[in-house]
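Colleague: I'd like a close look at the charged side chains in this one, and at what sits around them. Could you walk me through it?

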Amino acid sequence: MVESKPEKADANKENVDSVQEDMEVEETGDVTVKVFTVEILRVIKDMQLQHGLRHGDYQRYRGYCSRRVKRLRKTLNLPQGDRRHYKKRDVTLVNLERTDSDERFLHIPLMLAERAWSYAMQLRQESNTELRKRFHLIEKLRKSCVYALQLQELCGSDRCDARTKLEAEAYSAWIHGSLHFELKLWQSAAENLKKAQVIYENLAQAMPEEEQTVYRAKVEELKPSLRYCAYNVGESSVNDLLEMRGQAGLLGNLSHLVAQTKAESMEAFQMTEWRGRSVTVRPEKVRLFLLSIQELGKSIEKAKDFPAKIELLESVLLDCKDAIAAIKDEIKQDPKLRQSSTEAGSGGLIGIQYLLAYMSYTRLKLTLDRNLLLVAQAKLTLDDPNTAAKTQQAGKKTKPQDLSRLYEIILQNVTEMQQLSGMETDGSYQAEMESLALSFRAFRCYYIAITLVAMKRWREAVAMYERSKKYATEAVAAKTPCTDFDVRDELKQLIATIEGCKFSAHAYSVLEDDNADDTVLFGKSQKSSKPLYERLSHYKEDASLNSRNPNVFKLVPEMEPIPAKPLFFDLALNFVEFPSLEDNIEQKTAGKGTTAGMSGFVKGLFGWGGGAGK
């Protein structure tokens with residue numbers, strides 16, 4: 001009886017609060033309704049991997065879920081009583097319909113369901129040795145089903161989008177399927193698990209490519225349980241389970257929700273297409289850049305001269321580099337994208353990687369356009385002897401070697417296009433780049449030939465003309481020309497120009513040889529460093545022969561290397577036997593001893609030497 005007063009006071013307070021909340025909702029009816037999006041599967045997968053389930057530690061994950069619920073209730077001001085009294089407060093639609101509502105209200109029933117599920121999985125591990133814990137496991141799974149139904153009811157309101165509704169329905173079906181699987185209700189378990197699998201498959205098809213990985217992994221995770229259920233149900237019911245996708249009554253308005261999810265994803269992310277494949281554009285900088293280059297062609301056409309066009313392209317190139325940097329930063333910051341990038345390293349490109357390849361191709365394409373404008377600007381001041389006379393602009397004249405250098409830079413750009421990450425295995429793309437490289441090689445060889453003509457190296461020039469014609473012919477005959485750079489008309493004009501240039505250079509080479517013979521016949525003097533006796537078979541006028549020092553014969557022969565005097569080594573010394581001198585050595589030794597004895601005797605007799613001192 002003592003505790004009834006505070007309880008009544010709390011109840012009255014809650015009634016007043018609910019009335020006030022209803023009045024606030026009515027007053028703010030004209031305000032835009034806030035729609036929540038909760039990626040339930042991705043949220044729980046990230047939390048499970050970060051808090052113990054990577055190593056199968058369900059107890060650690062259960063503790064994290066409890067702490068997470070406590071933090072959420074404190075942050076969202078949704079406590080369950082006070083320090084003395086406990087009063088259960090679930091999340092209701094009223095909490096979601098507030099003007100200051102938050103999507104984290106939906107996380108509370110989700111965390112409660114995950115906590116009960118993780119406790120059940122922990123008890124499953126322990127039930128291998130303690131069979132009584134299996135009853136506790138069933139109760140925890142039932143509790144998890146209650147919270148999953150509560151989450152599904154909240155997500156079914158107008159405050160959540162179609163994706164959240166589908167994910168909540170699939171999550172609830174999976175939890176119920178897990179409960180019925182433990183209860184060995186195979187038919188019901190198979191129906192719920194199949195329902196979850198179908199929803200996840202449809203979600204994977206509706207989502208962008210980089211977000212499909214988690215849904216496809218969940219679909220694969222459900223397959224063993226479905227096979228075991230089908231085995232226990234019997235072969236007669238397997239076909240019925242597989243035909244659940246087409247049953248309209250089981251999944252309700254699944255097709256409508258999937259279509260709505262696709263529409264929402266299309267609105268949220270702009271789609272762009274490259275080489276027959278659509279890709280989602282997530283970063284804002286990339287979207288703005290793609291919108292800005294849609295009218296780039298018209299802007300270039302409106303530019304007055306080549307410097308203005310080149311400046312416009314360079315400014316667009318800076319924006320393109322910023323967009324590429326934004327894509328790389330998103331890949332680094334989002335662990336999901338980074339993991340998908342490593343998984344797709346050996347296979348095909350995922351969406352974000354394909355977008356990066358497309359933006360890199362766009363950067364190289366813009367660079368190539370700028371370099372081609374530089375070539376067109378240089379041709380205005382080029383003195384090309386093979387083209388018709390034209391009015392040249394004032395300024396510094398362009399040399400043919402400058403153009404050949406520009407085409408060398410262009411070929412480097414084409415090589416970078418060929419080596420784009422992920423496009424190495426695309427046969428049609430590589431064929432297009434190869435035909436484009438042949439086209440620019442033809443132009444480079446043509447201007448190298450013009451450079452050789454200016455140096456009067458006629459034979460090398462003819463060879464370069466032949467090679468240029470070969471490259472141009474192969475590029476024109478290519479089956480897959482590059483659509484972004486179609487230069488086939490210019491190549492045909494180049495082939496026609498080379499036909500005349502080649503014969504002209506050949507004629508100049510023949511005339512040069514004839515002029516050399518004429519100089520010999522007409523007696524023009526030519527100097528030679530060889531003496532006369534070495535060139536007797538060639539007649540040349542040499543004025544030095546009539547001088548004081550004619551170069552007829554070298555009187556002093558040239559120095560020639562000759563072998564040096566060999567070294568002789570006395571190898572027989574080791575085998576020579578010398579006569580013995582031992583007799584002479586003994587006689588000398590005897591003579592020395594006698595002399596020493598007499599002197600010692602005399603010194604001892606007269607007291608000389610060191611002996612007297614001693």
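Which residues are linked with E39 in a network of salt bridges?

Modeller: Keep in mind that this is a predicted model. The network you're asking about joins E39 to R42, D46, R163 and E167 through salt bridges. Within that group, R42 and E39 meet through their side chains, with 2.4 Å from N to O. The two partners don't get the same label for accessibility. R42 comes out at 26% relative accessibility, so it counts as partly exposed. E39 has a relative accessible area of 17%, and because buried means under 20%, E39 goes down as buried.

The network is one piece of a longer list, as the structure holds 21 salt bridges. Let me take you through two others.

Start with K195 and E169, a salt bridge whose closest N and O atoms are 3.4 Å apart. This pair links distant parts of the chain, with K195 in helix α8 (residues 186-206) and E169 in helix α7 (residues 162-182), 26 residues apart. Both K195 and E169 are buried.

Now compare that with E221 and K218, which also form a salt bridge, the closest N and O atoms being 3.6 Å apart. Here both residues belong to helix α9 (residues 213-233), and they are three residues apart, about one turn of the helix. E221 is partly exposed, since its relative accessible area is 39%. K218, on the other hand, is buried, with a relative accessible area of 4%.

K218 is worth a second look, since its contacts don't end with E221. The charged end of K218 sits over the ring of W174, 3.7 Å from the ring centre. That takes us back to helix α7, where W174 lies three residues from Y171, about one turn of the helix. W174 is buried, given its relative accessible area of 8%. Y171 counts as buried too, because its relative accessibility is 1%.

Those two rings also belong to the aromatic side of the story: the structure holds 20 aromatic pairs. For Y171 and W174, the ring centres are 5.9 Å apart and the planes make an angle of 50 degrees, so this pair is tilted. If you follow the contacts along, E221 bridges to K218, the charged end of K218 lies over the W174 ring, and W174 pairs with Y171.

There is another charge-over-ring case to put beside K218: the charged end of R62 sits over the ring of Y119, 4.0 Å from its centre.

For a look at aromatics away from the charges, try Y407, F440, F443, Y446, Y447 and Y465, which form one aromatic cluster. Then there's a nonpolar patch on the surface, made of Y533, L536, V552, F553, L555 and V556, with about 690 Å² of accessible area together. F553 from that patch lies in the loop between α21 (488-521) and α22 (582-606). Y533, also in the patch, counts as partly exposed because its relative accessibility is 41%.

So, back to your charged residues: E39 and R42 share a network with D46, R163 and E167, K195 and E169 link helix α8 to helix α7, and K218 has both a salt bridge to E221 and the ring of W174 under its charged end.

Key. Residues are numbered from 1 along each chain as its sequence is written. This is a predicted model: local features need pLDDT of at least 70, side-chain atom pairs count only at pLDDT 80 or more; totals for chains, interfaces and linings use all residues. Side-chain values use heavy atoms; hydrogens and water are left out. Patches are made of residues with over 30% relative accessible area and no salt bridge: like charges are joined within 9 Å, nonpolar side chains (Val, Leu, Ile, Met, Phe, Trp, Tyr) within 5 Å. Accessible areas come from the Shrake-Rupley method with a 1.4 Å probe; for residues, only the protein chains shown count as cover. A salt bridge is a side-chain nitrogen of Lys or Arg within 4 Å of a carboxyl oxygen of Asp or Glu. Helices (H or I, at least four residues) and strands (E, at least two) are DSSP runs, numbered from the N terminus. Buried means under 20% relative accessible area, exposed over 50%, partly exposed in between (1.4 Å probe, protein chains only). Rings of Phe, Tyr and Trp (its six-membered ring) pair if their centres lie within 6.5 Å; planes under 30 degrees apart count as stacked, over 60 as edge-to-face and the rest as tilted. A charge sits over a ring if NZ of Lys or CZ of Arg is within 6 Å of the ring centre and within 35 degrees of the ring normal.
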